[in-house]
Amino acid sequence: DLVHVVKTYDPSLPPVVGDEYKLQQVFLNLLINAYTAMPDGGELNIASHAMDGQVCASISDTGMGIPATHLSRIFDPFFTTKDVGEGTGLGLSISYGLIEQHGGTIEVESEPGEGARFVVRLPMAPASFT
């Protein structure tokens, strides 16, 4: 089914210092998870902004959401809610570690039946870098 993508990017985002490929891996994983959470279609929102010395990127979906009992384990290695053979349970764990390596954080908010929202926060590049 159709997934409608809504992009709200801040055109004046400051740069961050990081490994482009590792950060791409994180965002690709979050996008794939959001897409698979909406098997009947829905809306995928991607947004970015700068705040308090950080560049923030959020990916939210209108999918099935994550049960509260799973939220505390969502970044644990090998934790998955997917069927056997569908996923390894490593994507979010690896993503969490990669964001930490970049001095950032990744958080999740979700209500069952109302989708999920992942927010990645990365430190802005020092002024001497730009």
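Which strand is Ser58 found in? I started there and found Ser58 in strand 3. The model I am reading is a predicted one.

**Entry 1: Ser58**

I looked up the accessibility of Ser58 next. Ser58 counts as buried because its relative accessibility is 10%, and the cut-off for buried is under 20%. I then listed what Ser58 touches, leaving out residues up to four places away in sequence. The list holds Asn45, Ile46 and Ala47, and also Arg117, Phe118 and Val119. Strand 2 runs over 42–51 and strand 5 over 116–123, so I placed the contacts of Ser58 by the numbering of these strands.

**Entry 2: the whole chain**

I stepped back to the overall layout. I noted three helices and five strands in the protein. Along the sequence they come in the pattern β-α-β-β-α-α-β-β. The protein has 130 residues, and 33% of them count as buried. I also checked how far apart in sequence the contacting residues are. Among contacts with a separation of 6 or more, 67% are between residues 24 or more positions apart.

**Entry 3: Val6 in strand 1**

I went to Val6, which is found in strand 1. Is Val6 buried, exposed or partly exposed? I have it down as partly exposed, because its relative accessible area is 25%. Setting aside neighbours within four places in sequence, I found Val6 in contact with Glu43, Leu44, Asn45 and Ile46. Asn45 and Ile46 had already turned up in the list for Ser58. I also took the C-alpha distance from Val6 to Ile59, which is 10.0 Å across 53 residues of sequence.

**Entry 4: two loop residues, Ser12 and Asp52**

Ser12 lies in the loop between strand 1, residues 3–8, and helix 1. I recorded Ser12 as exposed, because its relative accessible area is 57%. Its C-alpha atom is separated by 8.4 Å from that of His49, and the two residues are 37 apart along the chain.

Asp52 lies in the loop between strand 2 and strand 3. Asp52 is exposed as well, with a relative accessible area of 70%. I looked at its backbone too. Most residues other than glycine have a negative phi. Asp52 is not a glycine, yet its phi is positive, about 50 degrees.

**Entry 5: the second largest pocket**

How much space lies in the second largest pocket? I noted about 350 Å³. There are 19 residues lining this pocket, and the closest to its centre are Phe27, Ser48, Val55, Ala57 and Leu122. Helix 1 (20–36), strand 2 (42–51), strand 3 (54–61) and strand 5 (116–123) each give two or more residues to the lining. Helix 1 gives the most, with five residues. By class, I wrote down 14 nonpolar, four polar and one charged residue for the lining.

**Entry 6: helix 1 against helix 3**

I followed helix 1 to its contact with helix 3, residues 91–101. Two packed helices are described by the angle between their axes and the distance between the axes. For helix 1 and helix 3 I have an angle of about 145 degrees and axes 9 Å apart. The crossing of helix 1 past helix 3 is left-handed.

From helix 1, the residues in contact are Lys22, Leu23, Gln25, Val26, Asn29, Leu30 and Asn33. They meet Gly91, Leu92, Ile94, Ser95, Leu98, Ile99 and Gln101 of helix 3. By class, this contact has seven nonpolar, six polar and one charged residues. An α-helix has 3.6 residues a turn, so residues three or four places apart point the same way.

**Entry 7: burial in helix 3 and what follows**

Which residues of helix 3 are buried? I listed Leu92, Ser93, Ser95, Leu98 and Ile99. The cover over these buried residues includes helix 1, strand 4 (105–110) and strand 5. After helix 3 comes Gly103, with a positive phi near 80 degrees.

I last checked Ile74, in the loop between helix 2 (68–71) and helix 3. I have Ile74 as buried, because its relative accessible area is 10%. Its C-alpha atom is 9.9 Å from that of Tyr96, and the two residues are 22 apart in sequence.

Key: Residues are numbered from 1 along each chain as its sequence is written. This is a predicted model: local features need pLDDT of at least 70, side-chain atom pairs count only at pLDDT 80 or more; totals for chains, interfaces and linings use all residues. Side-chain values use heavy atoms; hydrogens and water are left out. On a 1 Å grid over the protein atoms alone, a cavity is a set of points where a 1.4 Å probe fits but cannot get out, and a pocket is an open set with protein on both sides within 12 Å along at least five of seven lines; lining residues have an atom within 4 Å of a point. Grid points are joined across faces, edges and corners, and a volume is the space filled by probe spheres set on the points. Helices (H or I, at least four residues) and strands (E, at least two) are DSSP runs, numbered from the N terminus. Ala, Val, Leu, Ile, Met, Phe, Trp, Tyr, Cys and Pro count as nonpolar, Asp, Glu, Lys and Arg as charged, and the others, Gly among them, as polar. Buried means under 20% relative accessible area, exposed over 50%, partly exposed in between (1.4 Å probe, protein chains only). Axes are lines fitted to C-alpha atoms, for helices over the stretch in contact, and angles run from 0 to 180 degrees between N-to-C directions. A crossing is left-handed if the near helix is turned anticlockwise from the far one by less than a right angle, and right-handed if clockwise. Contact means heavy atoms within 4.5 Å.
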